[in-house]
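This report describes one protein model from its overall dimensions down to selected residues. The sequence and coordinates are shown first.

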Amino acid sequence: METRDNRELIKKLYAGNNLLRAEWHTLLTALNGQEKEFLRSLATTVAEERFDRSVYIRGLIEISSYCRNNCLYCGLRAANREAQRYRLTKDEILECCAQGASLGFNTFVLQGGEDAAQSDEWLADVVSAIRTLYPDKAITLSVGERSAKGYHLFREAGADRYLLRHETRNDEHYSQLHPSSMSASKRRKCLATLKQQGFQTGSGMMIGSPRQTVEHLIDDLQFLEELRPEMIGIGPFIPAEGTPFAGEPAGSIETTLLLISLLRLRFPDALIPATTALATLHPAGRTRAILAGANVVMPNLSPRSVRSKYSIYNNKAASGCEAAEEIEKLEKELNAIGYRINFARGDYNKKK
Ligand code: SAH
Ligand code: SF4
């Protein structure tokens with residue numbers, strides 16, 4: 001297609017229209033440099049209108065590196081004997097929250113592997129302790145697939161949000177990334193349950209995971225259109241030692257940034273993080289994501305002694321701007337591109 005036509009297509013997306021598969025295909029594969037820049041600047045304009053050149057911060061607490069699952073891409077998979085395992089106690093998690101509170105964080109994200117020792121009841125008790133200590137802060141969980149009863153317990157205990165990436169909408173591709181004990185339909189069922197129970201729900205996918213095609217990405221975009229998650233997390237796949245995909249190439253930063261801009265235009269109000277995976281692959285990954293339309297960063301609030309053990313993929317960034325205690329560095333980095341940290345809870349808000 002001619003340049004003019006592709007700009008029309010980008011404007012069509014900006015105006016809130018559904019796109020045909022062929023149109024998504026064009027946006028994902030056929031934009032020239034100028035068109036990409038047009039898309040990126042439109043995406044930042046949309047983000048600025050809503051979020052006023054500010055970025056929400058979430059304190060990420062990695063509560064366990066034990067996992068019963070065997071996702072083929074992940075360094076924490078049960079079969080990885082090289083993985084270093086730890087689990088935080090309730091007191092350690094509460095200490096992380098206290099530190100986060102003193103630094104001004106208003107959202108805590110508790111993320112971990114599917115660790116049987118951190119049962120639904122145990123985690124609900126931790127959530128309720130955080131809720132009692134910090135009645136006004138947002139509590140986000142990201143602890144994988146749990147039963148509807150488990151999710152209900154978390155909600156009753158005071159959790160507000162839940163992150164569970166669908167990873168890939170295509171069933172065949174899902175089965176290439178996961179063992180047969182896991183299924184795409186189970187994942188989607190969990191997401192539907194979370195929505196029904198009133199969680200602000202986050203989903204998303206890795207970019208450039210092994211065997212991913214453009215058609216898979218279009219499936220992902222159409223799935224997100226159906227699910228309408230409040231949060232959308234995407235990051236490049238990064239190979240992890242000790243996994244079947246250790247020798248696979250990392251996903252593309254450019255494609256990830258392109259998708260962030262497309263997501264911003266399609267879901268103007270969504271909370272879209274500049275993910276650690278992007279920052280790991282490139283020092284400018286975080287700022288480039290913000291300038292592509294992302295509006296959230298999730299600095300690491302885990303105890304320093306365990307950070308290197310939560311090794312989902314190789315060389316995962318956890319220092320500098322990715323470290324909660326170095327928040328001034330992050331502030332400076334954002335200021336340098338004309339942005340600032342927004343310390344508010346940052347709930348999903350549909351523009352009136
Ligand atoms: N166990 C939980 C939370 C921890 S994993 C869960 O799976 O939801 C959090 C996210 O890390 C996953 O959703 C996945 O998309 C991402 N991830 C795992 N391995 C990765 C890798 N090798 N490269 C990039 N992202 C990865
Ligand atoms: Fe476990 Fe999550 Fe890693 Fe899968 S992605 S192995 S569920 S920690």
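The text below covers the overall fold, two sets of paired strands, two residues with positive phi and one histidine.

**Overall dimensions**

The model is predicted. Its secondary structure consists of 14 helices and eleven strands. The radius of gyration is 19 Å, close to the 20 Å that the globule rule gives for 352 residues, so the protein is as compact as a globular protein of that length. Along the principal axes, the C-alpha trace spans about 60 × 45 × 35 Å.

Buried residues make up 58% of the 352 in the protein. Of the contacts with a separation of 6 or more, 75% are between residues 24 or more positions apart. The exposed surface of the protein comes to about 14400 Å², and carbon and sulfur atoms supply 49% of that area. The protein carries 46 positive and 43 negative charges, and the mean positions of these two sets are 2 Å apart.

**Strand pairing**

Strands of a sheet pair through backbone hydrogen bonds, either parallel or antiparallel. The pairings described here are listed in the table.

| Strand pair | Sense | Bridges | Opposed residues |
|---|---|---|---|
| β5 (residues 161-163) and β6 | parallel | three | Tyr 162 and Thr 201 |
| β6 and β8 (residues 231-232) | parallel | two | Ser 203 and Ile 232 |
| β1 (residues 54-57) and β11 | parallel | three | Tyr 56 and Asn 342 |

Strand β6 appears in two of these rows, pairing with β5 and with β8. Which residues cover the two faces of β6 (residues 200-203)? Gln 200 and Gly 202 lie on one side, Thr 201 and Ser 203 lie on the other, and all of them are buried. Two of these residues also have a named partner across a pairing: Thr 201 stands opposite Tyr 162, and Ser 203 stands opposite Ile 232 in β8.

Strand β1 belongs to an open sheet of three strands in the order β10-β1-β11, with parallel pairing. The edge strands of this sheet are β10 (296-297) and β11 (340-342), each of which pairs on one side only. Between β1 and β11 there are three bridges, and Asn 342 in β11 is the bridge partner of Tyr 56.

**Positive phi in two loops**

Most residues other than glycine have a negative phi, and most peptide bonds are trans. Two residues with positive phi are described here. Glu 167, in the loop between β5 and α7 (171-177), has a phi near 70 degrees. Asn 315, in the loop between α13 (304-307) and α14 (327-336), has a phi near 55 degrees.

Is Glu 167 buried or exposed? Its relative accessibility is 10%, and buried means under 20%, so Glu 167 counts as buried. Asn 315 has a relative accessible area of 70%; exposed means over 50%, so Asn 315 is exposed.

**A buried histidine**

His 216 lies in helix α9 (residues 214-227). With a relative accessible area of 10%, His 216 is buried. Which residues does His 216 touch, not counting those up to four places away in sequence? They are Thr 168, Asn 170, His 173 and Arg 211. One of these, His 173, falls within the range of α7 (171-177), the helix that follows the loop holding Glu 167.

Note on methods
Residues numbered from 1 in each chain as written. Chains lettered and ligands numbered in written order. Predicted model: local features only at pLDDT ≥ 70, side-chain atom pairs only at ≥ 80, totals over all residues. Heavy atoms only, no water. Helix = DSSP H or I, 4+ residues; strand = E, 2+ residues; numbered from the N terminus. Rg over C-alpha atoms; globule rule 2.2 N^0.38 Å. Buried < 20%, exposed > 50% of the residue type's maximum accessible area, 1.4 Å probe, protein only. Contact = heavy atoms within 4.5 Å. Areas by Shrake-Rupley, 256 points an atom, 1.4 Å probe, with all protein chains shown as cover. Lys, Arg positive; Asp, Glu negative; His and termini not counted. Charge placed at Lys NZ, Arg CZ, Asp CG, Glu CD. Pairing = 2+ DSSP bridges.
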